[in-house]
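Biologist: I would ask for a close look at one part of this model, the part that you consider best suited to a detailed description. Please then set that part in the context of the rest of the chain.

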Amino acid sequence: MSRAIKMRRAVGTHGTLHRIADLQKRHDTKQTLPTLLCDSPGCGASVKFVAEHGYIGLNKGAEHQPGCRYNAPSYLQSLLSTGADPDVLLAMGDGKYELRLLILQQALKRAGGGEPGASPLEGYLRTLADLLVLGAMCESDALLAAQVTLRLGKKKVDWDNFFHTQERYDAAWERLGSSTTDLPMALVGTVRSHRSPQPGSMFLNCAPKYQQTGVADRRDFYEVSVGHADAAWLQSFPVGAEIVMFGLWRQGRSSTSSRPHPTDPRRTITSVTHKLALWPSFKQQLARVE
Ligand SMILES: [Zn+2]
């Protein structure tokens, strides 16, 4: 577990927000980079843009304040203590918590059935989104897994079966195919495009996982998309943004396409595309990682 998170944004000394993309542009065009500070309220640690790795990190000797959102262990404790609620996030002592997924699963099923959404659920969804964003910023679920146990009814759920980064889309897809329990899952992705196949529906597509299969001339792709009627809302997550998406996922129909090998006319390349789709009932089911 890294000591600090790689930051996606920071503020200049006059309070201007700078994101990685504009800092990279300034770097590439040899412009002077601004003096940067941590943008978390009350922190202001001295940070710098690390162009080789495309992120913002602490300057030598600088530290994030306790409670700063980039001070992962301390920020996690503050999220957990403010989100604690015996029904959903139960304090177990020693700073450890148990997160109840059953209430989420049931609420999503109810909402999917067209019943009005429960508004007390919103606090729970926000806490869960904050936890998942933190997991995505750490680029691993290790910190979360050390502090938070997931439980679905009587069953303990491994974080591996709940939280999936792009490298593990195939595991999420496999799980959907074999699971009969409608386990809610969280996926982390990078927005690649928005498409509207017909009026009244919009899809946000993430960069897929490309998988070597070990079978000659066969490639597997795992595509992740989110569908919703509110196009403006999905488009508020711009191309290139990193997002977390959680809820009850569905497998789409897999498709197969073939094309000639670029250099060997006797061979054919076959691509199999596997699809994972989410239709969120609540807007808190999507959150930007930044
Ligand atoms: Zn900070």
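**The zinc site and its surroundings**

Modeller: Along the chain, the donors of the zinc ion follow the spacing C-x4-C-x20-H-x3-C. A donor here is an N, O or S atom within 2.8 Å of the metal (3.2 Å for Na, K and Ca), and sites may look incomplete because water is not among the atoms. The model is a predicted one, in which local features need pLDDT of at least 70 and side-chain atom pairs count only at pLDDT 80 or more, while totals for chains, interfaces and linings use all residues. Residues are numbered from 1 along each chain as its sequence is written, and side-chain values use heavy atoms, with hydrogens and water left out.

The residues behind this spacing are Cys-38, Cys-43, His-64 and Cys-68. The cysteines each coordinate the zinc ion through SG and His-64 does so through ND1, at 2.1 to 2.3 Å. The angles among the 4 donor atoms run from 105 to 115°, and the site is tetrahedral; four donors receive that name if all angles lie between 85 and 135 degrees.

As to the cover around these donors, Cys-38 and Cys-43 are buried. Cys-43 is classed in this way because its relative accessibility is 15%, where buried means under 20% relative accessible area, exposed over 50% and partly exposed in between (1.4 Å probe, protein chains only).

The sulfur atoms raise a further point. A disulfide is a covalent bond between the sulfur atoms of two cysteines, and the criterion applied here is a pair of cysteine sulfur atoms within 2.5 Å. A search of the whole structure finds 0 disulfides. Cys-138 is accordingly in no disulfide, and the nearest cysteine sulfur, that of the zinc donor Cys-68, is 12 Å away. Cys-138 is itself buried, since its relative accessible area is 18%.

On the chain just before Cys-38 comes a loop, between α1 (20–28) and β3 (36–37), in which Lys-30 lies. Helices (H or I, at least four residues) and strands (E, at least two) are DSSP runs, numbered from the N terminus. Lys-30 has a positive phi of about 60° although it is not a glycine. Most residues other than glycine have a negative phi. With a relative accessible area of 76%, Lys-30 is exposed. Thr-35 has its place in the loop between α1 and β3 as well, and it counts as exposed because its relative accessibility is 54%. Residues up to four places away in sequence aside, Thr-35 touches Val-11, Gly-12 and Thr-13, a contact meaning heavy atoms within 4.5 Å. Leu-150, by comparison, is 115 residues from Thr-35 in sequence and 41 Å from it in space, C-alpha to C-alpha.

On the other side of the donors in sequence, helix α2 (residues 72–83) contains Ser-81, which counts as partly exposed because its relative accessibility is 44%. The C-alpha atoms of Ser-81 and Gly-95 are separated by 8.6 Å, with their positions 14 residues apart along the chain. Further along, Ala-146 belongs to helix α5 (residues 142–147) and is partly exposed at 41% relative accessibility. Ala-146 stands 9.6 Å from Tyr-97, C-alpha to C-alpha, although they are 49 residues apart in sequence. Asp-217, in the loop between β13 (209–212) and β14 (218–228), has a positive phi of about 65° without being a glycine.

The whole protein provides the setting for this part. It has 7 helices and 19 strands, and its C-alpha trace spans about 60 × 55 × 40 Å along the principal axes. Its radius of gyration is 21 Å, which agrees with the value near 19 Å for a compact globule of 290 residues; the radius is taken over C-alpha atoms, and the globule rule is 2.2 Å times the number of residues to the power 0.38. Buried residues make up 45% of the 290 residues. Of the contacts with a separation of 6 or more, 61% join residues 24 or more positions apart. The accessible surface comes to about 14900 Å², 50% of it belonging to carbon and sulfur atoms; such areas come from the Shrake-Rupley method with a 1.4 Å probe, and for residues only the protein chains shown count as cover.

Terms used: Tetrahedral: all angles 85-135°; square planar, octahedral: opposite > 155°, others 65-115°.
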